[in-house]
Amino acid sequence: MSEYDVVIIGGGAAGLSAALVLARARRRVAVIDAGAPRNAPAAHMHGFLSRDGLAPQDLLAIGRTEVESYGGRLIDGRVTGIEPDTGTGFHVSLAGGVPLRARRLLIATGLRDELPDLPGVRERWGRDLLHCPYCHGYEVRDQPVAVLGGTPDAVAHAHLIRQWSADLILFPHTDTLTADQRHQLTARAIGVVDGPVRRLVVTDDRLTGVELQDGRVIPRVAVFVRPVFVPENDLLLTLGCAVDDRGWVVTDATGRTTTPGVWVAGNAANPRAQVITAAGEGSTAAIAINADLVDDDLRNATHDHPINL
């Protein structure tokens with residue numbers, strides 16, 4: 001069984017950032033990555049200082065090279081189970097791989113987006129069906145765009161998107177707007193087209209409109225939607241980490257969970273974290289983990305070398 005100071009599960013921005021810090025701190029680090037990053041459909045990422053416009057996969061490739069250059073180990077695979085051993089260590093089982101032992105764990109498995117079940121939605125996700133205006137709003141500025149309802153906070157999302165384009169329509173879809181909501185939307189010149197949506201219209205691999213159940217097609221070049229965020233926290237739950245009333249794991253400011261020896265970083269605990277935020281959270285967690293290991297090293301050293309009176 002291979003032994004590591006820290007095993008990191010999840011090789012996105014949070015996990016790789018943590019691995020880089022820990023490897024540079026001369027810790028034995030392994031990163032296990034299942035190879036399904038949340039932002040894989042996006043051609044570019046934005047808002048990451050010095051990396052604006054870089055393809056997400058290119059960022060990960062750079063990060064993996066950096067981690068390996070300091071001796072970190074990258075394992076492409078899937079974790080099938082984690083069992084605590086004596087103290088605060090863990091045994092990590094892999095599908096078809098040799099088990100690992102870790103003194104500490106960092107879970108950076110991210111989240112999944114639950115989207116409306118409409119034709120075209122999944123296919124266009126991350127391309128011209130968008131969520132984050134800070135990531136993609138500038139690229140569709142001043143163009144005919146829309147917000148698709150039927151998900152939480154769609155009206156609030158429309159008010160946010162409004163600052164990127166004056167040609168904005170909200171499709172409530174299955175939602176029912178209140179009189180006050182309609183008044184506010186009208187006041188900000190946000191159009192409302194009522195009625196259930198049938199599909200997104202795609203022409204030549206490009207979104208061109210939104211079709212309603214009654215056959216109307218409203219031309220649009222991009223549609224924003226606020227999905228339901230679901231944390232990928234099965235491993236955290238298995239480890240007994242406490243969650244709040246919304247199902248998100250409870251942590252301190254460094255990402256330490258309520259289970260000794262377990263930290264979390266990125267979208268697995270913070271649904272609002274962008275790539276740059278997740279990377280920062282990974283760095284913060286890594287520094288806290290290293291400090292915890294130093295305390296452990298001190299306890300072990302003093303135990304092995306008792307005071308001679």
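Colleague: Which backbone oxygen lies 2.5 Å from a polar atom of the side chain of Thr151?

Modeller: In this predicted model, that's the backbone oxygen of Arg226. A polar contact needs N or O atoms within 3.5 Å, and 2.5 Å is what we get here.

Colleague: What makes Thr151 buried?

Modeller: The cut-off is under 20% relative accessible area, and Thr151 comes out at 9%, so buried is the right word. Thr151 sits in the loop between strand E9 (145-148) and H5. Leaving aside neighbours within four places in sequence, Thr151 touches Pro116, Asp175, Val225 and Arg226.

Colleague: Why are Tyr134 and Trp164 called an edge-to-face aromatic pair?

Modeller: Centres have to lie within 6.5 Å, and planes over 60 degrees apart count as edge-to-face. Tyr134 and Trp164 give 5.6 Å and 85°, edge-to-face then. The partners are 30 residues apart, with Tyr134 in helix H4 (residues 133-136) and Trp164 in the loop between helix H5 (154-161) and strand E10 (168-171).

Colleague: Is Tyr134 buried or exposed?

Modeller: Exposed: the bar is over 50%, and Tyr134 has 53% relative accessibility. Trp164, at 16%, counts as buried.

Colleague: How do you know that the span of helix H8 (residues 275-304) agrees with the expected one?

Modeller: With 30 residues at 1.5 Å a residue, H8 should span 44 Å, and the end C-alpha atoms are 43 Å apart, so the two agree.

Colleague: What covers the buried residues of H8?

Modeller: The cover includes strand E1 (2-9), helix H1 (13-24), strand E6 (100-107) and strand E17 (262-264). Among the buried residues of H8 are Ala278, Gly282, Ile289 and Leu293.

Technical notes
Residues numbered from 1 in each chain as written. Predicted model: local features only at pLDDT ≥ 70, side-chain atom pairs only at ≥ 80, totals over all residues. Heavy atoms only, no water. Phe/Tyr/Trp six-rings, centres within 6.5 Å; stacked < 30°, edge-to-face > 60°. Helix = DSSP H or I, 4+ residues; strand = E, 2+ residues; numbered from the N terminus. Buried < 20%, exposed > 50% of the residue type's maximum accessible area, 1.4 Å probe, protein only. Expected span 1.5 Å × (residues − 1). Contact = heavy atoms within 4.5 Å. Polar contact = N/O pair within 3.5 Å; in protein donor to acceptor, adjacent residues only side chain to side chain.
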